[in-house]
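Reader: I'm new to this. Could you walk me through how to read a protein structure?
Author: Sure, let's open it and take the features one by one.

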Amino acid sequence: MSRGHQAGVVLAIQDTTDFEFTSHRQTQGLGYINQTQQQGIKVHSCLAVSGDGEPLGLLSQSCWVRSQRSGKREQRRKLPIEQKESYRWLKTTAVAEAGFEFEVQVIHIGDREANWQGIGILHH
């Protein structure tokens with residue numbers, strides 16, 4: 001990410017999207033993508049953008065499928081963070097940070113689902 005090192009400030013923008021394939025009958029191995037019967041693949045991406053708005057590249061991308069539509073809230077609360085789906089935000093943040101020198105200021109951007117404070121990320 002040499003352009004990122006030159007940018008000085010890099011926006012690390014991450015979000016999750018769903019690829020919905022419910023109507024594709026020949027597709028196998030898909031998971032639930034939300035609380036309904038929709039089937040598909042979840043993809044979490046982190047895009048690097050300069051402070052001036054120039055796209056710099058993809059910092060991270062992960063894909064997964066859910067085996068269940070939803071879990072029991074009380075059971076999820078007892079799980080270590082590394083076993084929760086929300087851990088993707090922390091993992092992606094660490095991957096994005098690892099690719100840059102200390103001279104580069106990386107500003108992480110996510111929607112309200114990110115909730116980095118709620119999942120224990122340290123702010124510095």
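**Reading the contacts**

Author: Let's start with a salt bridge: the side chains of R88 and E113 meet in one, with N and O 2.4 Å apart. Keep in mind that this is a predicted model.

Reader: Which parts of the chain does the pair of R88 and E113 tie together?

Author: R88 sits in helix α3 (residues 87-98) and E113 in the segment after β5, so the pair links parts that are 25 residues apart in sequence. R88 is buried, at 6% relative accessible area, while E113 is partly exposed, at 43%.

Reader: How many salt bridges does the structure hold?

Author: Two. D18 and K42 form a salt bridge too, and their closest N and O atoms are 2.5 Å apart. D18 belongs to strand β1 and K42 to strand β3, so this pair ties together parts that are 24 residues apart in sequence. Here D18 is partly exposed, with a relative accessible area of 34%, and K42 is buried, with 6%.

Reader: What about the strands themselves: how do β1 and β3 run, parallel or antiparallel?

Author: Antiparallel, with eleven bridges joining β1 to β3 (residues 39-50). You've met one bridge pair already: D18 has K42 as its bridge partner in β3. On the other hand, β1 (residues 9-20) and β5 (residues 105-109) run parallel, joined by five bridges. There, L11 stands opposite I107 in β5.

Reader: And where do the greasy side chains go?

Author: The general idea is that in soluble globular proteins, nonpolar side chains tend to be buried together. In this model the largest nonpolar core has ten residues, including V10, C46, L56, F100 and V106. Strands β1, β3 and β4 (55-64) each supply at least two residues of that core.

Reader: Which nonpolar residues make a patch on the surface?

Author: I13, L47, L58, I107 and I109 make a nonpolar surface patch of about 370 Å². Take I109, which is placed in strand β5: its relative accessible area is 33%, so I109 counts as partly exposed. As for faces, in a regular strand the side chains alternate between the two faces of the sheet.

Reader: Last one: how many disulfides does a search of the whole structure find?

Author: First the idea: a disulfide is a covalent bond between the sulfur atoms of two cysteines. A search of the whole structure here finds zero. Look at two cysteines anyway: C46 is buried, at 0% relative accessible area, whereas C63 is exposed, at 54%.

Key
Residues numbered from 1 in each chain as written. Predicted model: local features only at pLDDT ≥ 70, side-chain atom pairs only at ≥ 80, totals over all residues. Heavy atoms only, no water. Disulfide = S-S within 2.5 Å. Buried < 20%, exposed > 50% of the residue type's maximum accessible area, 1.4 Å probe, protein only. Pairing = 2+ DSSP bridges. Helix = DSSP H or I, 4+ residues; strand = E, 2+ residues; numbered from the N terminus. Patch = residues over 30% accessible without salt bridge, like charges linked within 9 Å, V, L, I, M, F, W, Y side chains within 5 Å. Areas by Shrake-Rupley, 256 points an atom, 1.4 Å probe, with all protein chains shown as cover. Salt bridge = Lys/Arg side-chain N within 4 Å of Asp/Glu carboxyl O. Core = buried A, V, L, I, M, F, W, Y, C linked by side-chain atoms within 4.5 Å.
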